[in-house]
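Me: I've got this one open on my screen. Can you walk me through it?

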Protein chains: 2
Amino acid sequence: MKLSTKGRYAVMALADIAKFDGERPVSLRDISLRQGISLLYLEQIFSMLKKNQIVTSVRGSNGGYKLTKSPEQIKISNIFSAVQENIKTVGCKKESKKGCNGKSAKCITHNLWDELELHINEFFNKKNLSDLVKGKNENRV
Amino acid sequence: MKLSTKGRYAVMALADIAKFDGERPVSLRDISLRQGISLLYLEQIFSMLKKNQIVTSVRGSNGGYKLTKSPEQIKISNIFSAVQENIKTVGCKKESKKGCNGKSAKCITHNLWDELELHINEFFNKKNLSDLVKGKNENRV
DNA sequence: TATAAACTTGACTATTTTAGTATGGTATAT
DNA sequence: ATATACCATACTAAAATAGTCAAGTTTATA
């Protein structure tokens, strides 16, 4: 089980904006240089973030992206769902007729994975962008 | 982010043993039929579980596997580490010299992923096999 | 108004991981 | 004897990941 880069990069990039946000929007080029993420890949990610109203864009020279809300109001869970980084502990949920593993009933471990998902989602619901840029992280890149 | 089948199947199979355990060891064939998991794949998984002393094997006709400890003593985290289902939220830990993304310092989101890992591991440390076979799950396959 | 800097879109692809199969054994209870 | 188990290594199809490539459009500013 591992987190994909899409989710991680999205959070990193938005944290970067939260940190360097001012009058001017933050350009993807700057984020790319500071965070070491491919510019082209960032463009893909920000396209999704924009569609989901996490950021707004300013076009043209000296343009870039701005957060639509304050960092406190942007939860990690919001970011993850925007870039479709979702927690899938078990693959048997869609086939409602057949249940887990093609058996008629739910598998013995079903509740366990449900609980785990709940746990993780709670964690991401409690954390927001400002948690990342304040405090201990101030000396980070 | 999703759980691989290896970890899920290992837990399912062991829960199956915990449920049907008696005088005789439980055969992989039975587990395969009850849980709908490929026999050959189960063999691979059980090879790892045996190496890590989660189960012991009884060879020959009417042979099978038995848990080495009582279900209460077998934590989900033990099972996961045995089959190498590990939580990897971030890929930058190995390269201690370079830090995240090849930058000199830890990335701004590093603590977040660490916290998440801690959270998930705690969850798996608290849960054991007997949690799965007792109570609400009794009517499960 | 030229143009560089920035965003937009869609298609494409190499690599890695996953989720198993296939093959060919060895051991032992009955 | 032999069927029923376990053991080990190698192989592979399919999916996901982590991007790249190409070809634009838009707009601030010199």
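Me: Which parts of the protein supply the surface near DNA strand C?
Reply: From chain A, H2, H3, strand E1 (55-58) and strand E2 (64-67), and from chain B, helix H1 (5-20) and H3, each supply at least two residues of that surface. Helices (H or I, at least four residues) and strands (E, at least two) are DSSP runs, numbered from the N terminus. A residue is near a strand if one of its heavy atoms lies within 4 Å of it.

Me: Before we go on, what are the ground rules?
Reply: This is a predicted model, where local features need pLDDT of at least 70 and side-chain atom pairs count only at pLDDT 80 or more, while totals for chains, interfaces and linings use all residues. Residues are numbered from 1 along each chain as its sequence is written, chains are lettered from A and ligands numbered from 1 in the order in which they are written, and side-chain values use heavy atoms, with hydrogens and water left out.

Me: OK, back to strand C. Which residues come nearest?
Reply: Of the 25 residues around DNA strand C, those are Lys50(A), Arg59(A), Tyr65(A), Gln44(B) and Arg59(B). Sugar and phosphate make up 74% of the strand C atoms that come within 4 Å of the protein.

Me: What does the side chain of Gln44(B) reach on strand C?
Reply: An N or O atom in the Gln44(B) side chain is 2.5 Å from a base oxygen of DNA strand C. With Lys50(A), a side-chain N or O atom is 2.6 Å from a phosphate oxygen of that strand. Both pairs go by the polar contact rule: N or O atoms within 3.5 Å; within protein, one must be able to donate a hydrogen and the other to accept it, and residues adjacent in sequence count only if both atoms are side-chain atoms.

Me: And strand D, which residues come nearest there?
Reply: Ser38(A), Gln44(A), Arg59(A), Lys50(B) and Tyr65(B), out of 25 residues around DNA strand D. Ser38(A) has a side-chain N or O atom 2.5 Å from a phosphate oxygen of strand D. For Thr5(A), a backbone N or O atom lies 2.8 Å from a phosphate oxygen of strand D. Arg59(A) puts a polar side-chain atom 2.6 Å from a sugar or linking oxygen of strand D.

Me: Switching topic: how are chains A and B related?
Reply: Chain A superposes on chain B by a rotation of 180° with 0.0 Å of shift along its axis, RMSD 0.1 Å (least squares on the C-alpha atoms of residues with pLDDT of at least 70 in both). The two copies are thus related as by a two-fold rotation axis. Met1(A) has the C-alpha of chain A nearest the axis, 3.0 Å from it.

Me: How much area is buried between chain A and chain B?
Reply: About 4,400 Å², with carbon and sulfur atoms giving 64%. That's the accessible area (1.4 Å probe) that two parts lose on being put together, summed over both. The contact (heavy atoms within 4.5 Å) takes 46 residues from each of chain A and chain B.

Me: How many salt bridges cross that interface?
Reply: Two, by the rule of a side-chain nitrogen of Lys or Arg within 4 Å of a carboxyl oxygen of Asp or Glu. One of them joins Glu115(B) and Lys127(A), 3.0 Å from N to O.

Me: Which helix of chain A gives the largest share of the side touching chain B?
Reply: H5(A), with 10 residues.
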